Amino acid sequence: MTSRTLLSLALLCTLTTAWAEPIVADRPGFSTGTYTVRPGHYNVELGFQGSRDGRSLPLTNVRIGSTTSTEVEVQWGGWTFANGSSTVNNLTLGGKYRLLDSDDLKLSLLGLLNLPSGNGNAAGSKAAPQLSLLWSRKELFGMLQLASSNPGTLQTQAQAAIGYSYAIDDSLSSYVELYADHPLNHSGNDVYMMDGGYAWLLNESTQLDLHIGLDLNGNAAHFIGMGYARSY
(Lines give C-alpha, C1' and ligand atoms only; values in the text may rest on other atoms or scores of the structure.)
Protein backbone atom coordinates (compact mmCIF):
# COMPACT_ATOMS: atom_id res chain seq x y z
CA MET A 1 0.00 0.00 0.00
CA THR A 2 1.50 3.33 -1.07
CA SER A 3 2.03 6.31 1.20
CA ARG A 4 -0.50 8.25 -0.89
CA THR A 5 -3.15 5.57 -0.22
CA LEU A 6 -2.37 5.60 3.50
CA LEU A 7 -2.69 9.39 3.54
CA SER A 8 -6.03 9.21 1.73
CA LEU A 9 -7.37 6.66 4.24
CA ALA A 10 -6.21 8.78 7.16
CA LEU A 11 -7.90 11.86 5.68
CA LEU A 12 -11.14 9.90 5.11
CA CYS A 13 -11.17 8.74 8.74
CA THR A 14 -10.60 12.33 9.91
CA LEU A 15 -13.44 13.67 7.77
CA THR A 16 -15.78 10.88 8.91
CA THR A 17 -15.12 11.84 12.52
CA ALA A 18 -15.59 15.55 11.80
CA TRP A 19 -18.83 14.98 9.93
CA ALA A 20 -20.55 13.34 12.88
CA GLU A 21 -24.33 13.07 12.70
CA PRO A 22 -26.16 16.17 14.02
CA ILE A 23 -27.27 16.31 17.63
CA VAL A 24 -30.68 14.76 18.35
CA ALA A 25 -32.03 16.26 21.58
CA ASP A 26 -34.91 14.96 23.70
CA ARG A 27 -36.16 18.48 24.31
CA PRO A 28 -38.46 20.31 23.85
CA GLY A 29 -41.95 18.82 24.27
CA PHE A 30 -43.71 16.32 26.52
CA SER A 31 -42.67 13.36 24.36
CA THR A 32 -39.15 12.00 24.61
CA GLY A 33 -37.40 11.08 21.36
CA THR A 34 -36.64 7.47 20.40
CA TYR A 35 -33.00 8.25 19.55
CA THR A 36 -30.20 7.09 21.85
CA VAL A 37 -26.82 8.84 22.07
CA ARG A 38 -23.93 7.12 20.31
CA PRO A 39 -21.60 5.09 22.55
CA GLY A 40 -18.65 7.13 23.75
CA HIS A 41 -20.57 10.41 23.43
CA TYR A 42 -22.94 12.36 25.67
CA ASN A 43 -25.51 15.17 25.43
CA VAL A 44 -25.99 18.00 27.90
CA GLU A 45 -29.50 19.44 27.55
CA LEU A 46 -30.56 22.48 29.59
CA GLY A 47 -33.82 24.42 29.74
CA PHE A 48 -35.92 27.13 31.33
CA GLN A 49 -39.69 27.03 31.78
CA GLY A 50 -41.97 29.71 33.21
CA SER A 51 -45.69 29.90 33.98
CA ARG A 52 -48.06 31.61 36.40
CA ASP A 53 -47.09 28.90 38.93
CA GLY A 54 -43.39 29.78 38.89
CA ARG A 55 -40.14 29.50 36.98
CA SER A 56 -37.88 26.45 36.81
CA LEU A 57 -34.24 26.34 35.68
CA PRO A 58 -31.96 24.81 34.69
CA LEU A 59 -34.00 21.78 33.63
CA THR A 60 -31.09 19.41 33.11
CA ASN A 61 -30.71 16.11 31.27
CA VAL A 62 -27.30 14.49 30.77
CA ARG A 63 -27.57 11.57 28.32
CA ILE A 64 -24.60 9.19 28.04
CA GLY A 65 -24.34 6.68 25.21
CA SER A 66 -23.40 3.23 26.49
CA THR A 67 -24.10 0.89 23.53
CA THR A 68 -25.50 1.32 20.03
CA SER A 69 -29.03 0.92 21.44
CA THR A 70 -28.85 2.14 25.06
CA GLU A 71 -28.10 5.32 26.96
CA VAL A 72 -27.89 6.30 30.62
CA GLU A 73 -29.73 9.44 31.79
CA VAL A 74 -29.18 11.74 34.76
CA GLN A 75 -31.89 14.39 35.12
CA TRP A 76 -32.32 17.28 37.54
CA GLY A 77 -35.28 19.65 37.77
CA GLY A 78 -33.13 22.59 38.85
CA TRP A 79 -34.68 25.24 41.10
CA THR A 80 -38.30 26.40 41.04
CA PHE A 81 -38.97 30.00 42.05
CA ALA A 82 -42.55 30.76 43.11
CA ASN A 83 -44.32 33.01 45.63
CA GLY A 84 -41.08 34.60 46.77
CA SER A 85 -39.35 31.31 47.67
CA SER A 86 -37.20 28.74 45.91
CA THR A 87 -37.32 24.94 45.88
CA VAL A 88 -34.55 22.53 44.95
CA ASN A 89 -36.07 19.88 42.70
CA ASN A 90 -35.39 16.15 42.57
CA LEU A 91 -32.71 14.12 40.84
CA THR A 92 -33.86 11.39 38.43
CA LEU A 93 -31.81 8.43 37.18
CA GLY A 94 -32.59 5.99 34.39
CA GLY A 95 -31.94 4.90 30.84
CA LYS A 96 -33.36 4.42 27.36
CA TYR A 97 -33.29 1.32 25.14
CA ARG A 98 -34.06 1.23 21.41
CA LEU A 99 -36.49 -1.61 20.75
CA LEU A 100 -36.95 -1.06 17.01
CA ASP A 101 -35.12 1.19 14.57
CA SER A 102 -36.55 0.75 11.07
CA ASP A 103 -37.32 3.27 8.34
CA ASP A 104 -41.07 2.92 8.96
CA LEU A 105 -41.27 2.76 12.74
CA LYS A 106 -38.97 3.49 15.66
CA LEU A 107 -39.70 2.31 19.23
CA SER A 108 -37.80 2.92 22.46
CA LEU A 109 -38.37 2.13 26.12
CA LEU A 110 -37.50 4.71 28.79
CA GLY A 111 -37.26 3.84 32.48
CA LEU A 112 -36.67 6.47 35.17
CA LEU A 113 -36.56 6.59 38.96
CA ASN A 114 -37.33 9.91 40.61
CA LEU A 115 -35.38 10.27 43.86
CA PRO A 116 -36.74 12.45 46.71
CA SER A 117 -33.48 14.38 46.82
CA GLY A 118 -34.84 17.95 46.74
CA ASN A 119 -36.21 20.04 49.58
CA GLY A 120 -39.81 20.27 48.38
CA ASN A 121 -40.90 16.69 49.08
CA ALA A 122 -43.60 15.75 51.56
CA ALA A 123 -42.60 13.85 54.69
CA GLY A 124 -42.26 10.14 53.98
CA SER A 125 -41.69 10.59 50.23
CA LYS A 126 -39.96 7.69 48.49
CA ALA A 127 -38.45 7.00 45.09
CA ALA A 128 -41.04 6.91 42.30
CA PRO A 129 -40.71 5.07 38.95
CA GLN A 130 -41.69 6.09 35.42
CA LEU A 131 -41.97 3.79 32.39
CA SER A 132 -42.48 5.13 28.88
CA LEU A 133 -43.00 3.63 25.43
CA LEU A 134 -41.70 6.11 22.86
CA TRP A 135 -42.49 5.94 19.14
CA SER A 136 -41.99 7.82 15.89
CA ARG A 137 -43.18 7.19 12.35
CA LYS A 138 -41.93 9.63 9.70
CA GLU A 139 -43.05 13.08 10.93
CA LEU A 140 -45.36 11.69 13.63
CA PHE A 141 -44.17 10.96 17.17
CA GLY A 142 -45.59 10.26 20.60
CA MET A 143 -45.44 8.38 23.86
CA LEU A 144 -47.47 6.30 26.31
CA GLN A 145 -46.27 6.28 29.90
CA LEU A 146 -46.98 5.56 33.51
CA ALA A 147 -45.50 8.23 35.78
CA SER A 148 -45.69 8.32 39.55
CA SER A 149 -44.94 10.23 42.71
CA ASN A 150 -44.60 8.75 46.17
CA PRO A 151 -45.51 11.10 49.05
CA GLY A 152 -45.88 8.12 51.40
CA THR A 153 -48.06 6.10 49.00
CA LEU A 154 -47.47 5.52 45.27
CA GLN A 155 -49.66 7.78 43.11
CA THR A 156 -49.71 6.88 39.41
CA GLN A 157 -50.63 8.90 36.33
CA ALA A 158 -51.37 7.59 32.83
CA GLN A 159 -49.98 10.02 30.27
CA ALA A 160 -50.01 10.10 26.48
CA ALA A 161 -48.91 12.47 23.74
CA ILE A 162 -48.98 12.62 19.96
CA GLY A 163 -47.24 15.20 17.80
CA TYR A 164 -46.14 16.23 14.34
CA SER A 165 -42.70 17.58 13.45
CA TYR A 166 -41.74 19.51 10.33
CA ALA A 167 -38.30 20.38 8.95
CA ILE A 168 -38.44 23.95 7.59
CA ASP A 169 -34.86 23.78 6.29
CA ASP A 170 -31.57 22.07 7.18
CA SER A 171 -31.20 23.99 10.45
CA LEU A 172 -34.75 24.95 11.53
CA SER A 173 -37.58 22.62 12.51
CA SER A 174 -40.94 22.98 14.25
CA TYR A 175 -43.43 20.75 16.03
CA VAL A 176 -46.92 20.70 17.52
CA GLU A 177 -48.10 18.21 20.15
CA LEU A 178 -51.20 17.20 22.14
CA TYR A 179 -50.76 15.86 25.67
CA ALA A 180 -53.10 14.20 28.20
CA ASP A 181 -52.61 13.28 31.87
CA HIS A 182 -55.05 11.09 33.83
CA PRO A 183 -54.77 10.11 37.54
CA LEU A 184 -55.22 6.36 38.07
CA ASN A 185 -55.20 5.49 41.77
CA HIS A 186 -55.81 8.84 43.45
CA SER A 187 -58.08 11.85 43.16
CA GLY A 188 -57.19 14.59 40.70
CA ASN A 189 -58.22 16.29 37.49
CA ASP A 190 -57.46 15.27 33.93
CA VAL A 191 -55.05 17.63 32.20
CA TYR A 192 -55.11 18.37 28.47
CA MET A 193 -52.49 20.57 26.85
CA MET A 194 -51.19 21.59 23.44
CA ASP A 195 -47.62 22.70 22.92
CA GLY A 196 -45.40 23.60 20.03
CA GLY A 197 -42.21 25.37 19.12
CA TYR A 198 -39.03 25.62 17.09
CA ALA A 199 -35.55 24.10 17.26
CA TRP A 200 -32.50 25.70 15.63
CA LEU A 201 -29.45 23.61 14.76
CA LEU A 202 -26.56 26.07 15.12
CA ASN A 203 -24.00 23.47 14.07
CA GLU A 204 -23.61 19.69 14.11
CA SER A 205 -23.37 19.61 17.91
CA THR A 206 -25.47 22.54 19.19
CA GLN A 207 -29.24 23.15 19.25
CA LEU A 208 -31.42 25.97 20.63
CA ASP A 209 -35.18 25.73 21.13
CA LEU A 210 -38.17 27.93 21.96
CA HIS A 211 -41.60 26.53 22.84
CA ILE A 212 -44.97 27.37 24.41
CA GLY A 213 -47.68 25.26 26.03
CA LEU A 214 -51.40 26.01 26.26
CA ASP A 215 -53.76 24.64 28.92
CA LEU A 216 -56.87 23.28 27.17
CA ASN A 217 -59.23 22.50 30.07
CA GLY A 218 -58.34 24.83 32.93
CA ASN A 219 -56.50 22.28 35.07
CA ALA A 220 -52.92 23.38 34.38
CA ALA A 221 -51.09 26.57 33.39
CA HIS A 222 -49.87 28.03 30.12
CA PHE A 223 -46.09 28.04 29.91
CA ILE A 224 -43.21 29.28 27.82
CA GLY A 225 -39.75 27.75 27.67
CA MET A 226 -36.39 27.80 25.94
CA GLY A 227 -33.46 25.45 25.90
CA TYR A 228 -29.93 24.61 24.85
CA ALA A 229 -28.49 21.22 23.94
CA ARG A 230 -24.93 20.20 23.03
CA SER A 231 -23.36 16.90 22.15
CA TYR A 232 -19.80 15.86 23.05
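The legends below describe an overview and several close-up views of a predicted model.

**Figure 1. Overview of the protein chain in the predicted model.**
The protein chain has one helix and 14 strands. Along the principal axes, its C-alpha atoms fill a box of roughly 75 × 35 × 35 Å. The chain comprises 232 residues, of which 34% count as buried. The exposed area of the protein chain is about 12,900 Å², and carbon and sulfur atoms supply 62% of that area. Among contacts between residues at least 6 apart in sequence, 44% join residues at least 24 apart. The chain carries 13 positive and 19 negative charges, and the mean positions of the two sets are 6 Å apart.

**Figure 2. Two cis peptide bonds that precede proline, Arg27 to Pro28 and Leu57 to Pro58.**
The bond from Arg27 to Pro28 is cis, with omega near -5 degrees. Pro28 is placed in the loop between α1 (3-18) and β1 (42-51). The bond from Leu57 to Pro58 is also cis, and its omega is near -15 degrees. Pro58 belongs to strand β2, which covers residues 54-65.

**Figure 3. Positive phi at Asn83 and at Lys138.**
Asn83 is not a glycine, yet its phi is positive, at about 55 degrees. The loop that holds Asn83 runs between β4 (79-82) and β5 (85-88). With a relative accessible area of 83%, Asn83 is exposed. Lys138, likewise not a glycine, has a positive phi of about 55 degrees. Lys138 sits in the loop between β8 (128-137) and β9 (140-149). The relative accessible area of Lys138 is 58%, so this residue counts as exposed.

**Figure 4. Surroundings of Gln159 in strand β10.**
Strand β10 spans residues 155-167 and includes Gln159. Gln159 is buried because its relative accessible area, 12%, falls under the 20% limit. Two polar contacts of its side chain are shown. In one, the side chain of Gln159 meets the side chain of Gln145 at 2.4 Å. In the other, the side chain of Gln159 meets that of Asp181 at 2.5 Å. Both partners recur among the residues in contact with Gln159 when neighbours within four places in sequence are left aside: Met143, Leu144, Gln145, Ala147, Tyr179, Ala180 and Asp181.

**Figure 5. Salt bridge between Asp26 and Lys96.**
The side chains of Asp26 and Lys96 form a salt bridge with an N to O distance of 3.0 Å. This pair links distant parts of the chain, with Asp26 in the loop between α1 and β1 and Lys96 in strand β6 (residues 91-101), 70 residues apart. Asp26 and Lys96 are both buried.

**Figure 6. Salt bridge between Asp209 and Arg27.**
Here the side chains of Asp209 and Arg27 meet at 2.7 Å, N to O. Asp209 in strand β13 (residues 206-215) is thereby linked to Arg27 in the loop between α1 and β1, a distant part of the chain 182 residues apart. Asp209 is buried, with a relative accessible area of 4%. Arg27 is buried too, with a relative accessible area of 15%. Arg27 also takes part in the cis peptide bond to Pro28.

**Figure 7. Tyr228 in strand β14 and its contacts.**
Tyr228 is found in strand β14, residues 223-231. Its relative accessibility of 32% makes Tyr228 partly exposed. Leaving aside neighbours within four places in sequence, Tyr228 contacts Arg27, Val44, Glu45, Leu46, Thr206, Gln207, Leu208 and Asp209. Arg27 and Asp209, both in that list, are the two partners of a salt bridge. Tyr228 and Ala25 lie 203 residues apart in sequence, and their C-alpha atoms are 9.2 Å apart in space.

**Figure 8. Salt bridge between Arg52 and Asp53, with the salt-bridge network.**
The structure holds nine salt bridges. In one of them, Arg52 pairs with Asp53, and the closest N and O atoms are 3.8 Å apart. Arg52 is exposed, with a relative accessible area of 65%. Asp53 counts as exposed as well, at 51% relative accessibility. Elsewhere, salt bridges that share partners join Asp26, Glu45, Arg63, Glu71 and Lys96 into one network.

Note on methods
Residues are numbered from 1 along each chain as its sequence is written. This is a predicted model: local features need pLDDT of at least 70, side-chain atom pairs count only at pLDDT 80 or more; totals for chains, interfaces and linings use all residues. Side-chain values use heavy atoms; hydrogens and water are left out. Helices (H or I, at least four residues) and strands (E, at least two) are DSSP runs, numbered from the N terminus. Buried means under 20% relative accessible area, exposed over 50%, partly exposed in between (1.4 Å probe, protein chains only). Contact means heavy atoms within 4.5 Å. Accessible areas come from the Shrake-Rupley method with a 1.4 Å probe; for residues, only the protein chains shown count as cover. Lys and Arg count as positive and Asp and Glu as negative; His and the chain ends are not counted. The place of a charge is taken as NZ of Lys, CZ of Arg, CG of Asp or CD of Glu. A polar contact is a pair of N or O atoms within 3.5 Å; within protein, one must be able to donate a hydrogen and the other to accept it, and residues adjacent in sequence count only if both atoms are side-chain atoms. A salt bridge is a side-chain nitrogen of Lys or Arg within 4 Å of a carboxyl oxygen of Asp or Glu.
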